[in-house]
Structures are given as structure tokens and as C-alpha cells.
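Reader: I'd like to learn how to read the empty spaces and a few other features in a protein model. Could you walk me through one?

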Amino acid sequence: MIPETGAVLDLDDIQAGALRERPSPYVGRYLLLRLDDPVQGRELVRRLHSLLVAARDTAESEAQAWLTVAFTYRGLEALGVPQASLDSFPREFREGMAARAQELGDVGDSSPSSWEPPLGTPDVHVALSVLASDQDRLDAVAERARARYADLTSVTVVWRQDCYQLPSGRTSFGFKDGIGNPDVEGSGLPDRNPTEPPLKAGEFILGYPDETGSLPPMPTPEVLGRNGTFLVFRKLHTKVAAYRSYLQERARDREEQVLLGAKMVGRWPSGAPLVLAPDGDDPDLGADPDRNNAFGYRDDLRGFKCPAGAHARRANPRDALDHEMTVDVRLHRMIRRGTSYGPMLPEGVLEDDGVDRGIIFVFAGAHLKRQFEFVKTQWLNDGIFIGAPQESDPLVGSAGPTTSFTIPRTPIRRRLRDLPPFVVTRGGEYCFAPGLRALQWLGDLDT
Ligand code: HEM
């Protein structure tokens, strides 16, 4: 049964965590579990099932707190998923994130040998995330989940990470995050971006036509793949003191520091896009969801307002690549659900306090390779596509031990040199979040 183009998304079967916007602000908890016995693993899946929330559920309690469950390749193996089905998953997923480290630029301090255990090891099987509008709701859902696995002696929590979003939406470098997300056909969510038509649902949810007009490859059997999505999570430590010091050393005053920081991101701290507010921050614009995404780069192809190398412009060049017949930006979009972890470094502090802080980066999409991996390797790590092969992303890239960043200006451009890496990968995983019927199938496996 192949859904027609524009087919209605089965929101009753898709887990809320894949599609739904989070409340703002919110708190979250990620838990990783190891399964030492397939029978108990499947028991866990059956028990968690009734706690899960579908994308359609909008009851007050479900809109304010929800659990999402996803599995690594090893996790599906640990549940006893038949080999033919395991083999039908894409290669990147089967290999896992740690095996893709060289490709992704996770080298040096970011290499898997330095990752926080057990990230990147075969011990990571199940990923649970609980998100809620407040701590009490989060604790209640997390406790309900815990009660379902507490007596399962072969189910072990091997990692926990608490995280949160500040009311301002700002993360550790001081910039509001989570603004640039695509509208998705049939998602039931409001369309926010008048400059980018909603993307085909198949770009994000398996079992539906994607932007190429065809069905993306889907794991088999169909009941397992349909309405699932791939999730990528990465724990990214941010070197906030080093970042602030770097900017301070290169700026005449505070105003110029903020300007240089904004040029590196492509938005001002409030979230206002540089192309719409080239001369200074505009908090009203940054806070307005109907306007803060309504822009392209076509009128700024040379990057005088927003440099081509700015993080957000690299990660989504929008219409800036329309002349490049070989690149269709719509094939490289992603749903992002990033979250802060660790306390913020107090304003003005330039000394590293040794505290771990950063972002739990979360990607949701149907294509690990042409979405997440493509953006990370071709657009963030590499600068060939903007004619600056030696420059990687000034915030999160990795072309080498240092990089440079060009800010177009008249009469002469400014080039920031010797940018050290400000982000260190602490670990991550590629996961698959199945639909609710698929979870039933997994729980009922008899192998
Ligand atoms: C610690 C690491 C990172 C930080 C601090 C960071 C920060 C930001 C900020 C401040 C924005 C602008 C606000 C917004 O549009 O939401 C942004 C946008 C974005 N980032 Fe990141 N980011 C990080 C890592 C990544 C990674 C690893 C990827 C992808 C592989 C990525 C992909 C994107 C995308 C797609 C956008 C939206 C661009 C747009 O639609 O205009 N980011 N990021």
C-alpha cells in the first residue's frame, strides 16, 4: 500500500517526539538503557507502549509532557529483530555514529575514544526522552516509565542527561536556538515560513513520498518501518569562555563583540536574522515566529548582511544556492530539537570554570545520510560549496585544528583567523523511533 503524494500523515501512529514542537520553556531528561535479555527487552517495549503519546494527542496532560522511545541498531538486535529486517536499515544506522566519526569530523578531542561512556559503545540499546513544560510533570512521567522497568533485572539505565530550555530560548553561547525548522505537510502544525513551502512529510516520516516524489527506502517489514523516523542525538560540549575570549580579543568594544558573534551565527542573540536586521538586534523580530523565519539570502548573495560562512546560513542556505543546479536545499533539511545541558556560564565570565555545559543536539528525519550527514560534512565541516574550502563552520565545524571566517565588508572584508574549535563532541548515537504499531510489533516478536 503506497500512499499517494500528499497523503495524510497518520498522526495517530507517529510518536509525538518526532514531529511535535516542544513547549517553551521546557525541561527534559534523556535516558539510555542496555538490554541483556530479549524477552525482558520486549516486555519493556510492551510496558512502555501505553505511556507513549501520538503526534495527534492534544489532551492537556499529553501536550505538556511526553515520553519518546527509540532504538539503536544494537538495541533492535538486542530485542531479537530478525536479521533480514536488521539488514534492511540504512548502512549509516547499522554502523552507528561512532563508526562514522572520521566522516563526521569527530576527531581529536571529539573522537569516540574520548567520548563519555557508554556513548558510542555497544551498550547503548534504548533511548528514552521525557520532555515537559515543568519539572513536576517531567518527574511524574519519568517515574511512570521507571516503574515499568524497575523490576526488569536485565534492563539497566546506563546514562542519564538532564536538560532544559531557558525562557529566552538562548543556549550557552548566548543565542536563541531552535528557530529555523521546516514546516511539514500534514503535520497539523502551523506553517510559519512564507518563503519556504512546507516539505513533503516523507522527508521526515517513513512511509510517505519525499521531495523527490518517491518513497524513501524503508526498513522491512512494512509494519516496522512505516511512521518511524531516524533520530540523531549528539552531546556537544561548548567552550563558552574560549568563545567569549576569542571575540573579546578581536573586538574594540562590547558592541563589536556582539556583532562578530552574530556574524558567526547568522542571527542576533535574540534570534533576529541578520538579513532582516543587518544593523542591530531586534528582539521583537527575534521573538516573532511569523517573521523570524521569513527570509532568504537571494538579496544578500555576497554576504554583506549575513556571511555565507555563518553557521545558520551554512546549515540551511535557503535560496542562496538556487543558481547551483546540482544542489536542492530541500533535500537537506532537518527537524532540530536542541536542548541545553549544564548551567550557563555567568554573563561576563571569561575564565573557564571547568563545568560541562552545551547542547544536546537532536535531529529528526527520514534520511541520515542526505540530511544529517550531508549537512554536517558538506556544509558545516567543508567550505567548498561557498568557495572557501579552507573555512569550516565558525561555531561547530572541523576542518582542522583551527579555521578562519570571512566577513564580507566594504571597502575590505574582515577575516577572523585561528578560530579554535568551540564545540567538542562528547558522544552520540543514531536511533530509530518507530511508530506505535511498529512498537507493538517489536513487543510481540517471538524469536
Ligand atoms: C553546539 C553546537 C551548535 C550550536 C551552539 C548551534 C547553534 C545554532 C543557532 C544559534 C542557530 C540559529 C537559530 C536557529 O535558526 O534555530 C542554529 C541554526 C541551525 N543549526 Fe545549529 N548549532 C549547533 C550545532 C548544529 C549541528 C551539529 C547542526 C547540523 C548537523 C546544526 C544545524 C542547524 C540548522 C539546520 C539550523 C537552522 C538554519 C536555518 O534554518 O536557518 N547545528 N544553530
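Author: Happily; we will go through cavities, pockets, a metal site, a helix and a buried residue in turn. Please keep in mind that this is a predicted model.

Reader: Let's start with empty space. How many cavities of 30 Å³ or more does a search of the whole structure find?

Author: The general idea first: rolling a probe the size of a water molecule over the atoms shows where empty space is left. Here, the search turns up two cavities of that size. The largest cavity has a volume of about 250 Å³. It is lined by 21 residues, and those closest to its centre are Tyr 30, Thr 68, Ser 129, Leu 231 and Val 362.

Reader: Which elements give two or more residues to that lining?

Author: They are helix H1 (16-19) and the strands S1 (26-35), S2 (65-71), S3 (126-132), S5 (229-238) and S8 (358-365). S3 gives the most, with four residues. Sorted by class, the lining of the largest cavity has 15 nonpolar, three polar and three charged residues.

Reader: And what is the volume of the second largest cavity?

Author: That one holds about 70 Å³ of space. Its lining counts 14 residues, with Asp 393, Gly 397, Thr 403, Pro 420 and Pro 421 closest to the centre. By class, seven of the lining residues are nonpolar, six are polar and one is charged.

Reader: Now the pockets. Which residues lie nearest the centre of the largest pocket?

Author: Leu 236, His 311, Leu 380, Leu 395 and Val 396 do, out of 49 residues in the lining. The space in this pocket is about 1,000 Å³. S5, H13, S8, helix H14 (368-381) and strand S11 (423-433) each supply at least two lining residues, and the largest share, four residues, comes from H14. The classes divide into 22 nonpolar, 16 polar and 11 charged.

Reader: How does the second largest pocket read?

Author: Its volume is about 800 Å³. Of its 34 lining residues, Glu 21, Arg 22, Gly 178, Ile 179 and Asn 181 are closest to the centre. Strands S4 (155-165), S6 (335-336) and S7 (339-341) are the elements that give two or more residues to this lining. By class, there are 13 nonpolar, 13 polar and eight charged residues.

Reader: Which protein residue is a donor to the iron atom of the ligand?

Author: For a metal, look for the donor atom and its distance. The iron has a single donor from the protein, NE2 of His 311, 2.1 Å away. His 311 is found in helix H13, and you have already met His 311 among the residues nearest the centre of the largest pocket.

Reader: What should I look for in a helix such as H2?

Author: An α-helix has 3.6 residues a turn, so residues three or four places apart point the same way. Helix H2 (residues 38-49) has 12 residues and spans 16 Å from first C-alpha to last, close to the 16 Å expected. Its buried residues are Gln 40, Gly 41, Arg 42, Leu 44, Val 45 and Leu 48.

Reader: One last residue: why does Asp 300 count as buried?

Author: Asp 300 counts as buried because its relative accessibility is 5%, and the cut-off for buried is under 20%. Asp 300 lies in the loop between helix H12 (283-287) and helix H13 (311-315). Leaving aside neighbours within four places in sequence, Asp 300 is in contact with Val 275, Lys 305, Cys 306 and Arg 313.

Note on methods:
Residues numbered from 1 in each chain as written. Predicted model: local features only at pLDDT ≥ 70, side-chain atom pairs only at ≥ 80, totals over all residues. Heavy atoms only, no water. 1 Å grid on protein atoms, 1.4 Å probe; cavity = no way out; pocket = protein on both sides within 12 Å on 5 of 7 lines; lining within 4 Å. Points joined across faces, edges and corners; volume = space filled by probe spheres on them. Nonpolar A, V, L, I, M, F, W, Y, C, P; charged D, E, K, R; others polar. Buried < 20%, exposed > 50% of the residue type's maximum accessible area, 1.4 Å probe, protein only. Contact = heavy atoms within 4.5 Å. Expected span 1.5 Å × (residues − 1). Donors = N, O, S within 2.8 Å, 3.2 Å for Na, K, Ca; no water.
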